[in-house]
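Here is a friendly walk through a single model, from one of its helices out to the whole chain. Please keep the viewer open as you read.

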Amino acid sequence: MRINKILSLKEYCNPCKAKCCKVSDKIGFSIISEEEKQEITEYYTKKYYKNPACFEKKNFGNEHYYVIKYTEKRLCYFLDDKNKCMIQKVKPLDCAIYPIKAVYGKKDIKLVIDPCCPASKELSQEFIEKAIEQSIASIKRFKPEVYNNWLEKHIGWVKKSKRLKK
Ligand code: SF4
Ligand code: SF4
């Protein structure tokens, strides 16, 4: 299933200079499904005439997911020198919904927000509604134990996140 990723915070992201694509515990370590990896690879190869050599496979039991390796400067592989995402049209779902994320609580799915994102206090209702819908679609692609393994290892900000007020 293709999930609609059209969410944009452009007006905040331009002055922020893609802070969240530069720090290792932020969205650069997005969880990526097999389907997303293929889509990004096809898009990138067609556009830049080379294979993106940046996916790191993480095995967990019989399941797996991917994360994007960082460059030596601790930037996301897909961040260009103008602080733009080179794969904007097919960027990982988890990047598209940032600064919102769904996490597994004890009994249900909770929604959290990263207060470090400059846009986090000014998100439109439309963005929040779309991000909630897509965060839930995103988390459901992975079993709780797989998703929690990724969160634990790659997304430090969730420990300092706030519960999303809808
Ligand atoms: S931290 Fe927030 S405002 Fe800055 S680039 Fe990321 S999403 Fe945009
Ligand atoms: S894929 Fe794009 S949006 Fe996601 S961290 Fe990399 S540069 Fe940023």
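Helix α4 buries Phe 127, Ile 128, Ala 131, Ile 132, Gln 134, Ser 135, Ser 138 and Ile 139. This is a predicted model, so please read every value below in that light. The cover over those buried α4 residues includes two helices, α3 and α5 (144-154), and two strands, β3 (100-104) and β4 (109-113). The helix itself runs over residues 125-139. With 15 residues at 1.5 Å each, α4 should span 21 Å, and its end C-alpha atoms are indeed 21 Å apart, which agrees.

**A second helix**

Helix α2 covers residues 34-48. Its 15 residues also call for 21 Å, and 21 Å is the distance between its end C-alpha atoms. Which residues of α2 are buried? They are Glu 36, Ile 40, Thr 41, Tyr 43 and Tyr 44. Among the elements covering them are β1 (55-60) and α3 (93-97).

**The loop after α2**

Directly after α2 comes Tyr 49, with a positive phi near 55°. Tyr 49 is not a glycine, yet its phi has that positive sign. It sits in the loop between α2 and β1. Is Tyr 49 buried or exposed? At 74% relative accessibility, it counts as exposed.

Pro 52 belongs to the loop between α2 and β1 too, but Pro 52 is buried, at 8% relative accessible area. Leaving out residues up to four places away in sequence, Pro 52 touches Thr 41, Tyr 44, Thr 45, Tyr 77 and Phe 78. Of these, Thr 41 and Tyr 44 are also among the buried residues of α2.

**The loop between β2 and α3**

Cys 85 lies in the loop that links β2 (63-68) to α3. Beyond its neighbours within four places in sequence, Cys 85 is in contact with Phe 78, Leu 79 and Lys 91. Arg 74 is found in the loop between β2 and α3 as well, and has a positive phi of about 60° although it is not a glycine.

The table sets the accessibility of four loop residues side by side.

| Residue | Relative accessible area | Class |
|---|---|---|
| Tyr 49 | 74% | exposed |
| Pro 52 | 8% | buried |
| Arg 74 | 46% | partly exposed |
| Cys 85 | 27% | partly exposed |

Two C-alpha distances are worth checking in your viewer. Cys 85 and Cys 21 are 64 residues apart in sequence and 8.7 Å apart in space. Pro 52 and Cys 116 are likewise 64 residues apart along the chain, and their separation is 29 Å.

One more backbone detail concerns the loop between α3 and β3, where Pro 99 is found. The peptide bond joining Tyr 98 and Pro 99 is cis, with omega about 15°.

**The whole chain**

Stepping back, the chain has five helices and five strands, in the order α-α-β-β-α-β-β-α-α-β. Its radius of gyration is 15 Å, close to the 15 Å that the globule rule gives for 166 residues, so the chain is as compact as a globular protein of that length. Along the principal axes, the C-alpha atoms fill a box of roughly 45 × 40 × 30 Å.

Buried residues account for 45% of the 166 residues. Of the contacts between residues at least 6 apart in sequence, 72% join residues at least 24 apart. The exposed surface is about 9,900 Å², with carbon and sulfur atoms supplying 52% of it. Finally, the chain carries 36 positive and 21 negative charges, whose mean positions are 4 Å apart.

Notes. Residues are numbered from 1 along each chain as its sequence is written. Chains are lettered from A and ligands numbered from 1 in the order in which they are written. This is a predicted model: local features need pLDDT of at least 70, side-chain atom pairs count only at pLDDT 80 or more; totals for chains, interfaces and linings use all residues. Side-chain values use heavy atoms; hydrogens and water are left out. Helices (H or I, at least four residues) and strands (E, at least two) are DSSP runs, numbered from the N terminus. The radius of gyration is taken over C-alpha atoms; the globule rule is 2.2 Å times the number of residues to the power 0.38. Buried means under 20% relative accessible area, exposed over 50%, partly exposed in between (1.4 Å probe, protein chains only). Contact means heavy atoms within 4.5 Å. Accessible areas come from the Shrake-Rupley method with a 1.4 Å probe; for residues, only the protein chains shown count as cover. Lys and Arg count as positive and Asp and Glu as negative; His and the chain ends are not counted. The place of a charge is taken as NZ of Lys, CZ of Arg, CG of Asp or CD of Glu. The expected span of a helix is 1.5 Å times one less than its number of residues.
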